Amino acid sequence: MPDAALPAGTESLLRFENVGVRFDDVTALQNISFDLHGGETRVVLGAAGSGKTTLLKAAIGLIRVDSGRVYLLGHDITNMQENQLLDLRSQVGVLFQEGGLFDSITVAENVAYPLVNRRVHAMPLNEVDTKVQEALRFVELEHTLEQYPSELSGGMRRRVGIARAVVSEPPLVLYDSPTAGLDPITANTIMALIAKERDFQNTANLIVTQRYQDGQLMANFRYNRSSGNLEPVSRNGAGNRAGSNPTHTIFMVMKEGQLAFEGNQAELEASRDPYISKFVPKYS
Amino acid sequence: MAGLLDFLKSPVAAIQDFYILSGRALRNVFRAPHYADDIAIQMDVIGVGSLPIVILTGFFSGLVITMQMSRALSQYGAVGQVGQIVALTLVRELGPVLTALLVAGRNASGIASELGSMKVTEQIDAMRALGTDPIQKLVTPRMIATCAMLPMLTIVADFVGMCGGYIIAYLTLGLTTSEYWNTAYQSLEYNDIVQGLLKPFVFAFIISLVGCFYGLRTSGGTQGVGRATTQAVVVASVWVFVLTSLLTRIFVNLH
């Protein structure tokens, strides 16, 4: 199945080499290898407890790996000291489950946090205000500047989380279950924002989720700047739509800490494996 | 057997973790970035916020010491020396210890519950993920603020306590203003002032770091936050007593 090739020389932003993580006697990750390049989106599917969040935390060194190596933005972070890791992490956007916002500061301060508090090249305050407003306008929440996270709904909190993750325009953004616990309409809004961010800034994404629809949206829709809407990438009909992969979306399925599948949407839908096919809704 | 070993190992591991946290917090004092805003906010919370309770407690302790001591001193016909007793007791011991206990109850608990809530809601992890060191951002400012504020609060408590003593001495013991303040002032030596200011400085380290330590170790949801808060206050208070005994011993020998 021919994938649309990534531009030549696209560097690897995140690379896992035979990574293993253990918590006491429980194996959380085992022998995970993959490579996430610039402009690529990887959607990690898996049941609860399959190691998805551990994978995401290991990617930025919040959890140390027990075996294998992890490379983030070209740096080997496997044994990197926390101090150096902090500087590297500030170059990556992260959306936590439930948003991970600081609840005792306002929405504006939350979004400004990565710009104001990073250890190197802290931004002048007047520039920060402009950036914060831009980021909140992007997620259509510019009216919530002075509100506290507890005053917002779950979906709005998630959107503020996205604004905070992308405010520093990172080349790589990690999303931990961006749609968990949201109704289908809000979930769709969140995924549309993530796709919009991808196409606006050409960011690489690692999206951990339980919903196949999230990945499907990333793989098949593209943000049209002129119309301001998400549009399907191919209009050749359902049978043909996943034949190519113009959005560079790759699916990964985790099962009990191992990688059970890696490939594009068509390959995922064609899989006969009973575990993998459970994630793909069967359309009649 | 393994259970017994774990039981013995856990306090040693906790002390080790406490040392590591203290070392990092101290090292960060000399390292960029410095979060001046956070230090100022904490100074306001710990210093200005504790002022009313410190004034009230200092005043009444001075009042009570004077009443108690005047009875004992009257047996020797030395009621006139009450200013000296009040000044020495307050500056050397009661001022630093009472203020430290109040700040331990008020701020070690506050710090532990704030950091504990952040820990259980994964805000500490979020902070690390956004590239800020939680020790630099949360622990060091609280430590600096407590170390700056506790000696000042102690000075206030000492002074207000002496004023409380003066009211009793003047109104009920019939001492003149100059009698009371002269004996109080002349009894204080350099050594007393040094120990009266060194003690709160040392207590401040322990109170802030114990609060941060238990906060950052919190696990087990909201119940865990409650547990961390209680532990922080108890451990900080006990350490205040242990340290004041040690420091008093050193200063008594120096004299």
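**Exercise 1. Chain B**

Task: Work out how many helices and strands the secondary structure of chain B comes to, and in what order the elements run from the N terminus on.

Solution: Start with the tally for this predicted model. Chain B has eight helices and zero strands. Reading from the N terminus, its elements follow the pattern α-α-α-α-α-α-α-α. Next, take the extent: along the principal axes, the C-alpha trace of chain B spans about 65 × 50 × 35 Å. Then look at burial. A residue is called buried here if 20 or more other C-beta atoms lie within 10 Å of its own, and 44% of the 255 residues of chain B count as buried. Finally, consider the contacts in chain B between residues at least 6 apart in sequence: 88% of these join residues at least 24 apart.

**Exercise 2. The sheet of chain A**

Task: Find the order of the six strands in the open sheet of chain A, and explain why one side of strand 6 and of strand 12 is left without a neighbour in the sheet.

Solution: Lay out the strands to begin with. Their order is 6-7-8-3-11-12, and the pairing is mixed. Now go to the edges: strand 6 (92-95) and strand 12 (258-263) of chain A each have a single partner strand, so one side of each lacks a neighbour in the sheet. From one strand to the next, the twist averages 15°.

Move on to one pair within the sheet. Strand 3 (residues 41-46) and strand 11 (residues 249-255) of chain A run in the parallel sense, with six bridges between them. In this pairing, A:G46 stands opposite A:M254 of strand 11. Last comes the helix packed on the sheet: helix 7 (residues 212-220) of chain A touches strand 3, strand 8 (204-209) and strand 11. The direction of helix 7 makes about 165° with that of strand 3 of chain A.

**Exercise 3. Two domains in chain A**

Task: Identify which element of chain A gives the largest share of the side of domain 1 that touches domain 2.

Solution: Set the bounds before anything else. Domain 1 of chain A covers 38-61 + 81-91 + 171-279, and domain 2 covers 103-169. Their C-alpha centres lie 23 Å apart. The contact takes 14 residues from domain 1 and 13 residues from domain 2 of chain A. On the domain 1 side, helix 2 (82-89) and helix 6 (184-201) of chain A are the elements that give two or more residues. Helix 6 of chain A has the largest share, with seven residues. To finish, sort that side by class: seven nonpolar, five polar and two charged residues.

Note on methods. Residues are numbered from 1 along each chain as its sequence is written. Chains are lettered from A and ligands numbered from 1 in the order in which they are written. This is a predicted model: local features need pLDDT of at least 70, side-chain atom pairs count only at pLDDT 80 or more; totals for chains, interfaces and linings use all residues. Two strands pair if DSSP finds at least two bridges between them. Helices (H or I, at least four residues) and strands (E, at least two) are DSSP runs, numbered from the N terminus. Axes are lines fitted to C-alpha atoms, for helices over the stretch in contact, and angles run from 0 to 180 degrees between N-to-C directions. Two residues are in contact if their C-beta atoms, placed from the backbone, lie within 7 Å. A residue is buried if 20 or more other C-beta atoms lie within 10 Å of its own, exposed if 12 or fewer, and partly exposed in between; C-beta atoms are placed from the backbone. Domain bounds come from an automatic or database domain assignment. Ala, Val, Leu, Ile, Met, Phe, Trp, Tyr, Cys and Pro count as nonpolar, Asp, Glu, Lys and Arg as charged, and the others, Gly among them, as polar.
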